[in-house]
Structures are given as C-alpha cells and as structure tokens.
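Thanks for coming. I will talk about one pocket and one helix beside it on the agenda, then stop.

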Amino acid sequence: MDETTAGTPLNDEPALPGFAPAPQAGGASPYRVLARKYRPRTFDDLIGQEAMVRTLSNAFETGRIPQAWMLTGVRGVGKTTTARILARGLNYQTADGAAGKAASNPTIHMPGLGVHCAAIMESRHVDVLEMDAASHTGIDDVRQIIDGIRYAPVSARYKVYIIDEVHMLSEKAFNAFLKTLEEPPPHAKFVFATTEIRKVPVTILSRCQRFDLRRIEAPVLVAHLDRICRAEGVEASPEALAAIARAAEGSARDSLSLLDQAIAHGAGIVTEATIRDMLGLADRAQVIDLFEAVMGGRVPEAFALLRHQYDSGADPAVVLSDLASFAHMVTRLKLIPDAARDPALTESERARGLDFAQKLTVRSLSRAWQILLRGIPEVQAANRPLAAAEMVLVRLAYAADLPTPDEALKALRDDTPLPQGGPPAPPPRPSGPASSGNMALATSQPEPRPRAERPEPQPTMRLRRFEDVVALAGENREIVLKTALERDVRLVRFEEGRIEFNLTEGANRSLPGDLARLLQAWTGVRWGVTLSSEPGAPTLHEQAQAAARERKEGASAHPLVQAVLTKFPGSKVVNVIDRAPPEASAEAEILGDEDAAAAHETELDDDLD
C-alpha cells in the first residue's frame, strides 16, 4: 500500500469544521484519545498561534525559508505538531506532481492529503527524522545526524530533522551541531522544540528562527472544546468547559486529556460537578460563599464551608488557591471593569465579583492575596492540611478589616473603639489632620517649570550652607553630583566662595574640580573647592540616618504611639514622616532654619496631643 492510500481513512473520521482529525488504520481500530484524534493537520488547524502562522505563511509565500526553526513554549501548546506540519508543508506534493504554485516549491496550502503527508504526520517517513533529545543526549547521536545529512532525500523534497526537547542535549552534542546548523546542505532543514529555552546555548539560538508559542487563551480553548464535544456527540455545559480550560492553563493537549477523562467519568455527559469530582476541585459557588464569609470576619461560617468542601473531596490547598484566584479576579474587576466581559467567567462569578469589587478596598484585597499566597505552601507542607487551612482562614478573617494606621490613630485620638471585624465596607476618607495635610500638600504643588538647556549665571545667588549647594545641584538636575555630595563628602570648612572637605573611601577624586566648575556656572562666582586631610564631619547621608533613628526612638516613646503598640501586640514603628505645612519654606526664610524646625516640631507635638 503506497503513502497516498494510507491517508484515505481520514475521511472515516468525524468531520470537525476547520479541523482535520488524525488518520486511522483501516478496519476496526482501538479507541484514539481526543488529543491524537483531533491533532492539527494544517496551519489552519492551529489555534491560538496566529502570529506564528502569519509569519510562516508569509515566509513560505515569499520563499524566505530559513534552514532551522526553534519552537518554544509550555507543554501541550503544539510544538511537535507544528514541527510535523512544517515538515509536511516543506514536502507537500500531490499524486499528480502539483504542489501549490509550483511543484518544486514548499507551500502552506494543503487542501488535500499529499503523497508524503500521512507518513510524515504518523512519524514514519524515511526523510523526516524525529529524535527525542531526552533519550538521545550524547554526541554519538548527533554524529549519526551529521553523517546522514550529506545524502540527498530518498523521495521527499527535503530531509527534515525534528529534535524534541533539544535543551536536553549535552554540551558536546550542541557544539557538534554548530557548523552543520549554520551551513547545512540545501536539501536539509531542522526543527527544534523545547520547553526550556534558557537552557539552549545562544550559539544555537542565533542560527535558528525562533517562535514562542503562546498559551492558548481560555475563551479560545473553551470554543475549541465545544466544537470537539459537538463533533463527538457529547453534552457538555459551558461551566464544565470553562473549568477544564482553567485547569489546563493554556495547554490544548491537557484540556483534551481532561475532556477525555471527563467524558468517561460522566458517561458521555460533562457537567461542572463531574469536573469538580474528577479533579477534586472546590465548587465555585461555595468558594465565593467562603470568600464572602471570611472577608466578613465570620469565622464559624467559614470553617463550616471549608469543612463541607473538604468532606466533598476538595483539597484544602486547592480551596485556598481558588480563594486567591477569586481575590485576584475581584481586584481586576475593581481596577478594570471591562474584565467582566471575559467569557471564561461564570455568571455567578461575574455578578458577585462585581458586587465585591464595589464593597472591598484595594488595600483589603491586596492583604487577602498576600495572606493566601503565603498560606498555600504552609497547607501543602502540613501534616494536617485542613487544620492548616483553617488557621490561614483565621488570619485572613481577622486581617480583612484591620484599620489603616491613619484610621487607628484617628480612633485613638477620638477615643472611639477600633473595628474588630465584620462585613467590610469602603471606609470614609479620613478627614483628620493627616488627610487634610496630605491633600493640601498635593493641591499646592507648583507646576513644573521647563528646564533650561544651559544654566544661566546668577551673580546674586547666596549659598550660606553646604546643604544649599546640595539643593542647588538637585535643582539643576545633576543627580549624580547631588548623590556624591550627600554620600561621599565629609565637610571640613564652608564659607561663601570656598569649600574644604574630605572624601570617603572609593569616592570620585575628580569631585572637587567638577563641583567648582558647576558652581561658577550656576552662581557666576569663582569657588575654591579643595580636599583636606582632616577627617571632617559625617556625610549628609549619615546624618540623615542618625536623625531618622532618633525620630523613630522619639516616636516610640510618645504616649499615643505607646497606646497603639499596646493595642496591637507585636507591632513596631517602621518609619516616621514629618508632615511639613505648605508654608514651611517661607517660614524658614523668615525665622531661619533652626527656629523653623523648632516651631515645626512644637506644632507636631500639638497635633499628636
């Protein structure tokens, strides 16, 4: 039987629009799994890889065909299948000798089964060699390819070498490939496939045309599964197909394997309950109920819902993972309302997710995500997963409605009770001094002035302190110089027109000359900047660190802060920020810097009291 006759059983497969099922041997044959039965046969059958198909189509049409391709992507997105389709297109030829526009040219248009097609797609063509690099890693295997590549193909137009999991080859095997891969015979083509592109040497990558096969989006995967179910005469609910698409994580092969299992599990009827029982997943509706209970601080109800799902066969770690996914979905709905149009979402997820997005703040959703993300590994590693999951829910319930520091300070100042849990709602915008100060500061920012291309001399400028020099460097956008003055300069003496300082170890020794040149350009006055052998004062950066430590120690001793630390055991002061009023700069000019700082410190104490 010749190769043309071998492809005839294709017509015996169930027809799927836009998709050619795999061939079967004549007569009664064993059951073929869906992943093999509906494997793509042409470029038109590939789903979710439009960019790659467009590039290959244009390359074949214009004759710009490289000597090697590198296909990379996660498992099940179609790397090996694409390699076989490439081999088929390179060698496509019908029985009468015509192949597209010319019998001697490759083509992507393969309307029927060609002379070599069936043998190529079944991995039994003598001129299309497939090698699994995971089991043939040595240099001897590569030498066999190099020795055989010199000979012309037996019957096809090209010899095509398909090497799967190419990253598994040894270093010597890769090196042996280099010369042949760069200058192969005109009758040889290479197609490499890998899931670990970073393990492939760059010397190999530079000789290949690389294609990154994308994960298949959930809506595309759901539509694909629906077409296959209709072709197979299987009744499947949209919720069940969406659950399969989520579990497959963008892999077409994984989704078809799961669908195959679900058809057998449900005796030809695929429902969401079937998928849930088969994979040990949690009921999506119950996950949303659990999310509502735990974000509302209702721990007994949350425990009961978790226990019910556990008794139904759900893995506690999977339940927490579903909770984290729902928290992420709610956050996306809050920030991107158009995300509700995602067809992969069920009606319950869409409606209740939008409701939660209106009620919950980004702060509480972000905190829930972080707690769940840290809790999932704990549950997976625990000897008692259910107990560990319950403790994660306790942390989540009690943290869901914790007040912000501003709210805690306001509650303590007003002598009102702190929130102890309950259904979260968007808190009113704080109206205390902290909020009003921040708003005033935000609304009083001056509009940015355009930067002059060259600094103009300013003879009237007076620099009374070294800090003024640092500020002037910042105003003129000399960020590198400003950083060096703050971190590398130990000031010895300063007076108008003269600066003397010592440098820290490793500092730029040309700093004095650069500073003198720029100061003259900025002020119109010649400055003398010299290095000194004296140790000098601490750098401005060291002084700022010391001041920050003193502020933190002083804040920790304040009665109001002590009350906060007592209310929240285990808490600590992380940072202290001075709330300077908008008129601080004017006050500094009138009173002087030291007097203004003292007045500001007194005002802060009055605010706290």
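Which helix gives the most to the lining of the second largest pocket? It is H15, with 9 residues. Keep in mind that this is a predicted model.

Some background on the chain. It has 27 helices and 10 strands. Of its 609 residues, 41% are buried. If you take contacts between residues at least 6 apart in sequence, 70% of them join residues at least 24 apart. The exposed area is about 32,900 Å², and carbon and sulfur atoms supply 52% of that.

Back to the pocket. The second largest pocket has a volume of about 890 Å³. It is lined by 31 residues, and those closest to the centre are Ala 245, Arg 246, Ala 247, Arg 284 and Ser 325. Besides H15, which spans 316-335, at least two lining residues each come from H9 (218-232), H10 (238-248) and H12 (272-279). By class, the lining has 17 nonpolar residues, 10 charged and 4 polar.

Now H10. Which of its residues are buried? They are Ala 240, Leu 241, Ala 242, Ala 243, Ile 244, Ala 245 and Ala 248. Ala 245 therefore turns up twice: it is buried in H10, with buried meaning under 20% relative accessible area, and it is among the residues closest to the pocket centre.

What covers the buried residues of H10? The cover includes H9, strand S6 at 235-236, helix H11 at 252-265, strand S7 at 269-270, and H12. H9 and H12 also supply residues to the pocket lining. After H10 comes Glu 249, with a positive phi near 55 degrees.

That is what I have.

Key
Residues numbered from 1 in each chain as written. Predicted model: local features only at pLDDT ≥ 70, side-chain atom pairs only at ≥ 80, totals over all residues. Heavy atoms only, no water. 1 Å grid on protein atoms, 1.4 Å probe; cavity = no way out; pocket = protein on both sides within 12 Å on 5 of 7 lines; lining within 4 Å. Points joined across faces, edges and corners; volume = space filled by probe spheres on them. Helix = DSSP H or I, 4+ residues; strand = E, 2+ residues; numbered from the N terminus. Nonpolar A, V, L, I, M, F, W, Y, C, P; charged D, E, K, R; others polar. Buried < 20%, exposed > 50% of the residue type's maximum accessible area, 1.4 Å probe, protein only. Contact = heavy atoms within 4.5 Å. Areas by Shrake-Rupley, 256 points an atom, 1.4 Å probe, with all protein chains shown as cover.
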